[in-house]
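I opened this notebook page to record what I looked up in the structure, going from a single residue outward. The entries follow the order in which I looked.

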Amino acid sequence: MCVELAPPIDLVLPDHVTSGADAAALAAIDDPAITLAIWQRPSPLDAPDLTDWQTIRFAGPAQAVEAQLAMRLGGAGPDWHDVLARDVGRLAALFATLSGEDRVEVRLERITGNGCWKFHADYVALRLICTYSGQATQWLPLGADADTPPRTLAAGDVGLFKGRALAGDRAIIHRSPPIADSGEGRLLLVIDAEWQDRD
């Protein structure tokens with residue numbers, strides 16, 4: 001007699017989180033019950049050298065993100081710069097489609113400390129987060145207590161997070177992984193709708 005075993009508890013997603021193996025998984029964020037949609041994929045970058053990386057941040061039309069990023073990275077960089085620009089451009093276009101926003105804010109930074117190490121919800125409607133290298137974003141199921149171990153995205157995964165502006169007190173709780181003093185680094189992409197109240 002064959003007995004099916006239940007999957008490990010850390011592989012079972014709560015009802016408000018969904019995931020899939022292609023970009024279409026992100027469209028589930030339109031469901032009012034879903035607060036985090038995850039596209040599970042390998043990172044398109046293979047151990048990039050981030051030694052001289054400087055934070056890149058800009059706003060503009062989503063369809064122009066690839067060209068804007070390629071210009072900022074410069075034409076004489078390593079091959080992975082081209083891969084990164086194409087991927088960020090694709091993710092910006094996906095975010096624009098799913099959020100209904102034509103203009104986006106893009107932030108690409110190398111993180112070697114704890115970043116936003118406290119669990120929190122963002123004061124945005126939607127936020128796209130992808131860690132290209134290093135440990136990725138941690139999140140908690142709704143109603144988790146202080147003893148609940150966090151769940152973790154993998155490097156390359158694309159997470160579409162609902163913030164307080166859209167989900168109120170059901171917004172997804174998450175944090176940067178605490179890596180201070182570990183010698184580790186992360187390359188993090190964050191895409192938001194363009195801020196309207198910038199100085």
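Entry 1, a tryptophan. I began with Trp80, which lies in helix H2, and I kept in mind throughout that the model is a predicted one. Is Trp80 buried or exposed? Its relative accessibility is 15%, and because buried means under 20%, Trp80 counts as buried. I then listed its contacts beyond the neighbours within four places in sequence, and found Leu45, Pro48, Asp49, Leu50, Trp53 and Leu187. I also looked up Pro44, which is 36 residues away from Trp80 along the chain, and the two C-alpha atoms are separated by 8.6 Å.

Entry 2, the helix around it. I checked the length of H2 against expectation: at 1.5 Å a residue its 21 residues should span 30 Å, and the end C-alpha atoms are 31 Å apart, which agrees. Which residues of H2 are buried? I noted Trp80, His81, Leu84, Ala85, Asp87, Val88, Gly89, Leu91, Ala92, Phe95, Ala96 and Leu98, and I found that the buried residues of this helix pack against E2, H1, E4, E5, E8 and E10. Just after H2 I came to Gly100, which takes a positive phi of about 75°.

Entry 3, a second positive phi. I also noted Ala47, which has a positive phi of about 45° although it is not a glycine. I placed Ala47 in the loop between E2 and E3, and with a relative accessibility of 68% it counts as exposed.

Entry 4, the nonpolar cores. I turned to the largest nonpolar core, which has 36 residues, and saw that Leu84, Leu108, Tyr132 and Leu189 touch the most other members. At least two residues of this core are supplied by each of strands E2 (36-39), E3 (56-61), E4 (103-111), E5 (126-133), E8 (158-162) and E10 (186-193), and likewise by each of helices H1 (65-73) and H2 (79-99). Which element gives the largest share of this core? I found that it is H2, with nine residues. Apart from this core lies another, of 12 residues, and I wrote down Ile129, Ala136, Ile172 and Val190 as among them. Going back to Leu189, and leaving aside its neighbours within four places in sequence, I listed contacts with Val88, Leu91, Val106, Arg107, Leu108, Leu128, Ile129, Cys130 and Tyr132.

Entry 5, enclosed space. I searched for cavities of 30 Å³ or more and the count came to one, with about 40 Å³ of space in the largest cavity. Its lining consists of Arg57, Glu105, Val106, Arg107, Val190, Asp192 and Trp195, and the elements that give two or more residues to it are E4 and E10. The largest share, three residues, comes from E4. By class I recorded three nonpolar, no polar and four charged residues in this lining.

Entry 6, the whole chain. I finished with the overall layout, in which the protein has three helices and 10 strands, running from the N terminus as β-β-β-α-α-β-β-β-β-β-α-β-β. Of its 199 residues, 44% count as buried. How many of the contacts between residues at least 6 apart in sequence join residues at least 24 apart? I noted a share of 76% for the protein.

Methods:
Residues numbered from 1 in each chain as written. Predicted model: local features only at pLDDT ≥ 70, side-chain atom pairs only at ≥ 80, totals over all residues. Heavy atoms only, no water. Core = buried A, V, L, I, M, F, W, Y, C linked by side-chain atoms within 4.5 Å. Buried < 20%, exposed > 50% of the residue type's maximum accessible area, 1.4 Å probe, protein only. Helix = DSSP H or I, 4+ residues; strand = E, 2+ residues; numbered from the N terminus. Contact = heavy atoms within 4.5 Å. 1 Å grid on protein atoms, 1.4 Å probe; cavity = no way out; pocket = protein on both sides within 12 Å on 5 of 7 lines; lining within 4 Å. Points joined across faces, edges and corners; volume = space filled by probe spheres on them. Nonpolar A, V, L, I, M, F, W, Y, C, P; charged D, E, K, R; others polar. Expected span 1.5 Å × (residues − 1).
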